[in-house]
Amino acid sequence: MPGKDKVIKSYRAGSGNGSKDECGPMRGWLPNGSCKVLGHEKHKKGGRSGINGYAVHVQDKVCKNGRTRRTELFIHSEMKPDGRQGPKLPGQDSPYRWDGAGGYYSLVCIKITPAHIRDLFRTADRYGRPKQLKVVS
């Protein structure tokens with residue numbers, strides 16, 4: 001397989017609300033290291049507060065204290081279930097629209113731009129689905 005055990009692409013990503021505390025659930029960035037990829041979905045329907053559109057589910061990750069488990073981890077963007085962008089909401093953030101650098105903030109997940117998540121799926125279609133995600137901060 002052409003991409004086996006090689007880095008084919010990398011993307012800027014965000015996790016957390018700006019806190020660097022990897023043991024801070026719902027606020028900190030994800031712990032460094034590798035985790036298993038559990039599945040891929042192009043039309044995830046997570047509802048208004050959930051994950052929609054292109055999504056990659058990754059396994060739970062334990063932080064450096066050995067106790068705090070980071071759960072419900074996905075790589076995703078801000079989009080509708082069909083992968084399109086929602087309308088602008090003047091004066092507020094839309095969960096369905098990438099509105100700039102603030103889109104990288106997340107309570108739990110790893111977020112990348114809509115263009116990057118589409119490219120991730122195209123690259124995976126070409127080289128095969130990755131089985132591992134490596135988080136490097």
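**Exercise 1.** How many positive and how many negative side chains does the chain have, and how far apart do the centres of the two sets lie?

*Solution.* Keep in mind from the start that this is a predicted model. Counting the charged side chains gives 27 positive and 12 negative ones. Once a centre has been found for each of the two sets, these centres turn out to lie 3 Å apart.

**Exercise 2.** Work out which cysteines form a disulfide, and which parts of the chain the link ties together.

*Solution.* Begin with the cut-off, which asks for a pair of cysteine sulfur atoms within 2.5 Å. The sulfur atoms of C23 and C63 are 2.0 Å apart, so by this cut-off the two residues form a disulfide. Next, place both residues in the sequence: C23 belongs to the segment before β1 (33–44), while C63 sits in the loop between β3 (61–62) and β4 (69–70), and the pair therefore ties together parts that are 40 residues apart in sequence. Finally, the angle about the S-S bond is 105 degrees, and the link is right-handed.

**Exercise 3.** Explain why C35 is not bonded to C109, and decide whether each of these two residues is buried or exposed.

*Solution.* The closest cysteine sulfur to that of C35 is in C109, and because it is 12 Å away, the distance is too far for a bond. C109 is likewise in no disulfide. For the second part, recall that buried means under 20% relative accessible area. C35 has a relative accessible area of 2% and is therefore buried, and C109, with 6%, is buried as well.

Methods
Residues are numbered from 1 along each chain as its sequence is written. This is a predicted model: local features need pLDDT of at least 70, side-chain atom pairs count only at pLDDT 80 or more; totals for chains, interfaces and linings use all residues. Side-chain values use heavy atoms; hydrogens and water are left out. Lys and Arg count as positive and Asp and Glu as negative; His and the chain ends are not counted. The place of a charge is taken as NZ of Lys, CZ of Arg, CG of Asp or CD of Glu. Helices (H or I, at least four residues) and strands (E, at least two) are DSSP runs, numbered from the N terminus. Buried means under 20% relative accessible area, exposed over 50%, partly exposed in between (1.4 Å probe, protein chains only).
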